Amino acid sequence: MTINEKINKIVATIPLGKLSTYGDIAKAIGMRSSARYVGWVLNSGKGKSEIPAHRVVNRNGELTGKMHFPTPNYMREMLEAEGVAFIGDSGDMKIHRWSPEEVK
DNA sequence: CGGGTGACTTTAC
DNA sequence: CGTAAAGCCACCC
């Protein structure tokens, strides 16, 4: 099981209507300082598996990865449809933050 | 083995 | 508030 697969698995585990951060995910898989790699994996895994990358945001709840979607509104639309509260252009991390469990 | 890359994070100006 | 740079680690070639 490569880190790449772990990331895909964890992201796929994020509950509907919940949000997680690159940092938390990276930490859960044992890479607390390589959050950027998480995003890279999502980019590699997109199209192959149904990875809800729109539920992964930066530590402030900002949709930093929106520019990698077909349209800038895609993430926002999906999250709102799932019941995620928004504060401006960021998700409400106080309510929807989800911490993945460590996977080995 | 080494260089390139990344959707982050933090610090600094 | 905005931009810049460094640190970070695993994958790919």
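Which residue forms a salt bridge with Arg55? In this predicted model, where local features need a pLDDT of at least 70, side-chain atom pairs count only at pLDDT 80 or more, and totals for chains, interfaces and linings use all residues, the partner is Glu82, with the closest N and O atoms 3.0 Å apart. Residues are numbered from 1 along each chain as its sequence is written, chains are lettered from A and ligands numbered from 1 in the order in which they are written, and side-chain values use heavy atoms, with hydrogens and water left out.

Confidence comes first, as it frames the rest. The pLDDT (the predictor's confidence in each residue, from 0 to 100) averages 89 over chain A, and 92% of the residues score at least 70. Within chain A the lowest confidence falls in α3, with a mean of 87, and the highest in strand β2 (residues 56-57), at 95. Helices (H or I, at least four residues) and strands (E, at least two) are DSSP runs, numbered from the N terminus.

Four salt bridges are present in the structure, a salt bridge being a side-chain nitrogen of Lys or Arg within 4 Å of a carboxyl oxygen of Asp or Glu. The opening pair, Glu82 and Arg55, links distant parts of the chain: Glu82 sits in the loop between α4 (74-81) and β3 (86-87), while Arg55 sits in the loop between α3 and β2, 27 residues apart. Both Glu82 and Arg55 are buried, where buried means under 20% relative accessible area, exposed over 50%, and partly exposed in between (1.4 Å probe, protein chains only).

A second salt bridge joins the side chains of Arg97 and Asp24, at 2.9 Å from N to O. Arg97 lies in the segment after α5 (93-96) and Asp24 in helix α2, so this pair ties together parts that are 73 residues apart in sequence. Asp24 counts as buried because its relative accessibility is 19%; Arg97, at 42%, counts as partly exposed.

A more local arrangement is found in helix α4, where Glu80 and Arg76 lie four residues apart, about one turn of the helix. Their salt bridge has its closest N and O atoms 2.9 Å apart. Glu80 is partly exposed, with a relative accessible area of 40%, and Arg76 is partly exposed as well, at 25%. Together with Asp89, Arg76 and Glu80 are linked in a network of salt bridges.

Turning to the interior, the largest nonpolar core has 26 residues; such a core is a set of buried Ala, Val, Leu, Ile, Met, Phe, Trp, Tyr and Cys residues joined through side-chain atoms within 4.5 Å. Val11, Leu42 and Val56 have the most contacts inside this core. Two or more residues each come from α1 (3-13), α2, α3, β2 and α4, and α2 gives the most, with four residues. In soluble globular proteins, nonpolar side chains tend to be buried together.

The DNA surfaces complete the picture. A residue is near a strand if one of its heavy atoms lies within 4 Å of it. DNA strand B has 16 residues around it, of which Tyr22, Arg36, Gly39, Asn58 and Arg59 come nearest. Of the strand B atoms within 4 Å of the protein, 51% belong to sugar or phosphate and the rest to bases. Polar contacts are pairs of N or O atoms within 3.5 Å; within protein, one must be able to donate a hydrogen and the other to accept it, and residues adjacent in sequence count only if both atoms are side-chain atoms. An N or O atom in the side chain of Tyr22 is 2.9 Å from a base nitrogen of DNA strand B, and a backbone N or O atom of Gly39 lies 3.0 Å from a base nitrogen of that strand. A polar side-chain atom of His68 lies 3.1 Å from a sugar or linking oxygen of DNA strand B. Helix α3 provides the largest share of this surface, seven residues.

Around DNA strand C are Thr2, Ile3, Met31, Ser33, Ser34, Arg36, Tyr37 and Trp40. Here 71% of the strand atoms within 4 Å of the protein belong to sugar or phosphate, and the rest to bases. The side chain of Arg36 places an N or O atom 2.2 Å from a base oxygen of DNA strand C, whereas a backbone N or O atom of Ile3 lies 3.3 Å from a phosphate oxygen. Helix α3 (residues 35-45) again gives the most to the surface, with three residues.
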